Amino acid sequence: MKKWLLLFIAVVTVGVLAACTANDSAGEKQDDDSGSDADAASEEKVLLMNNGEEPTSLNPPIGFDSVSWNVLNNLMEGLTRLGQDDTPEAAIAEDWDVSDDGKTYTFHLRENANWSNGDPVTASDFEYAWKQLLDPETGSPAAFLGYFIEGGEAFNNGEGSADDIMVTAKDEKTLEVTLTAPTGFFLHVISNPAFFPVNEQVATDNPEWFADADSFVSNGPFKMETWEHDSKIVMVKNDQYWDKDTVKLDKVDWAMVPETNTEYQMFQSDELDMTEIPSDMAEQLIDGDDVVIEDQAGLYFYRFNVNEEPFQNKKIRKAFAMAINQQDIVDFVTKNKEEAATGFVSPGFTDPSGTDFREANGAQVEFNPEAAKTLLEEGMKEEGYDELPPVTLSYNTDESHKAIAETMQNMFSENLGIDVTLENTEWNVFLEDQKGLKHQLSRSSFLFDYGDPVNFLESFITGSTMNRTGWSNEEYDKLIEKAKTETDEAKRWEYMYEAEELLAEEMPIFPIHYYNQVYIYKDNISGVVRHPVGYLELKWADKE
């Protein structure tokens, strides 16, 4: 049983890295040729990191991927923040009250919570930001996270107004929020960057405030100093942050280098303080004393487009899923000690009886090439196929994704006798094509936004922006609705178990492996927190 989820339940694509170009100076320290200034600079604690690529957006409701929110999580702060023990703790809100029915939260903001420009952080900043998150005109991919709030879903679907959203600034430092149903993990939900405040006055004066360092205002441990787009971001300690005395680092330099091999070389040459492990070096590095392996709640998986032949047929979808040997992929391709996935919800979520979701619901998808061949034959017969229509497997440009895709291509050939074509595009193009249902079969990933299994399962309800398969099932939609509103926890978990079983029976997606987090750190780095559910924390980081 994992402590972090047990605590969450007792109380909450992703982004993936794509290729872009970094300049030759990315990640390098800058020299200062002035005497005393140079001495002072040499004593600065400057953490050297790699973000992989340019953030999609640092506007809180828009980014919705790790390359945006890992940065944003250190520039800004919500009402709660995940602590070093991975559970929600007081942040901009110093305390809160919860009504007897568990639906209304009253948050009391800190008097000394300020923006980096000196403005006070107000309850109105939160009301403004949360209503922007839910505004259909914003087009936020994270809007569904706000559906726990009364009136949020209706407004986002164009069926209500902003005035109907039950988020109200009662005064400058008091925010009242009413939920559709008691939600024990709500304090975790609102630690997510989607719920960060936005300085209403700044945003009104400049709607693009988030796009450059000169206009960016923050309320978190760090503030932005420079932003060289597609190259580098520099953050410095925020002297207006309410808990600034906890922050030990003076500066964080983020390079934007897409290739893990290059990142590792920069680590070796002291241009970075931490690195992931290149896949072609995993076997020689993974067991090193300087390697840190941590849990991460998430799934690497593939989506079928059920509107495209031949994947309108459930048996053909299941045949493709059962032709993949997930264990071989993690043992011989990724080699980062991931766990092969046999279900959709990752391990670590504990039900009211103390049983892990994955253990309770068992294996839903297993490698079985003989059964896969039979299902393929049956599906082709149902569709009247003498020959299977051509199949193209799509992935976003990345060496690790390519290696997995090529392995799957070989497995489809060996286990089903099917020749699958591979194609790859850059991340932004790939994502838009996937959202537009322009792929037949495409890779994907999901990292949990809050500590409850319904977070993943709700992605595949009809019309969800996270669905991206064309699949729709009325029974599934009803199960998810019950799982989000049922107050009896045992019943709620049963609905989620049933939903996962139905997802496996229909197979609009199929799993490859669960995520973990594998990094090598310099010996003088400490206090970097990577939450199993959540984003990178540098508030407690130090560099000796």
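**Close-up views of salt bridges, a cavity and a buried glutamine**

Across the whole structure, a search finds 26 salt bridges. The model shown in these views is a predicted one, and a few of its pairs, together with two other sites, are worth a closer look.

**View 1. Lys232 and Asp253 form a salt bridge between two strands.** The side chains of Lys232 and Asp253 meet with an N to O distance of 3.8 Å. Lys232 belongs to strand β9 (residues 232-237) and Asp253 to strand β10 (residues 251-255), so this pair links distant parts of the chain, 21 residues apart. Both partners are out of the way of solvent by the usual criterion: Lys232 is buried, and so is Asp253.

**View 2. Glu378 and Lys315 join in a salt bridge.** Here the closest N and O atoms are 3.3 Å apart. Because Glu378 sits in helix α13 (residues 369-383) and Lys315 in helix α10 (residues 314-322), the pair ties together parts that are 63 residues apart in sequence. Glu378 counts as partly exposed, with a relative accessibility of 33%, and Lys315 also counts as partly exposed, at 25%.

**View 3. Glu500 meets Arg358 in a salt bridge.** The closest N and O atoms of this pair are 2.8 Å apart. Glu500 lies in helix α18 (residues 489-506) and Arg358 in helix α12 (residues 357-361), so parts that are 142 residues apart in sequence are tied together. Glu500 is buried, and Arg358 is buried as well.

**View 4. Five residues share a network of salt bridges.** Take a moment to find the members: Lys314, Arg317, Lys318, Glu505 and Glu506 are linked in this network.

**View 5. The largest cavity has a volume of about 90 Å³.** Its lining is made up of 17 residues, and Asn73, Leu82, Ser191, Asn192 and Pro193 lie nearest the centre of the cavity. Strand β2 (residues 80-82) supplies the largest share of the lining, three residues. By character, the lining residues divide into five nonpolar, eight polar and four charged.

**View 6. Gln132 is a buried residue of helix α4.** The helix spans residues 123-134. Gln132 counts as buried because its relative accessibility is 19%, under the 20% cut-off. Setting aside neighbours within four places in sequence, Gln132 is in contact with Asn59, Pro61, Thr138 and Val198. For a sense of scale, Ala143 is 11 residues from Gln132 in sequence, and their C-alpha atoms are 9.1 Å apart in space.

How values were computed
Residues are numbered from 1 along each chain as its sequence is written. This is a predicted model: local features need pLDDT of at least 70, side-chain atom pairs count only at pLDDT 80 or more; totals for chains, interfaces and linings use all residues. Side-chain values use heavy atoms; hydrogens and water are left out. On a 1 Å grid over the protein atoms alone, a cavity is a set of points where a 1.4 Å probe fits but cannot get out, and a pocket is an open set with protein on both sides within 12 Å along at least five of seven lines; lining residues have an atom within 4 Å of a point. Grid points are joined across faces, edges and corners, and a volume is the space filled by probe spheres set on the points. Helices (H or I, at least four residues) and strands (E, at least two) are DSSP runs, numbered from the N terminus. Ala, Val, Leu, Ile, Met, Phe, Trp, Tyr, Cys and Pro count as nonpolar, Asp, Glu, Lys and Arg as charged, and the others, Gly among them, as polar. Buried means under 20% relative accessible area, exposed over 50%, partly exposed in between (1.4 Å probe, protein chains only). Contact means heavy atoms within 4.5 Å. A salt bridge is a side-chain nitrogen of Lys or Arg within 4 Å of a carboxyl oxygen of Asp or Glu.
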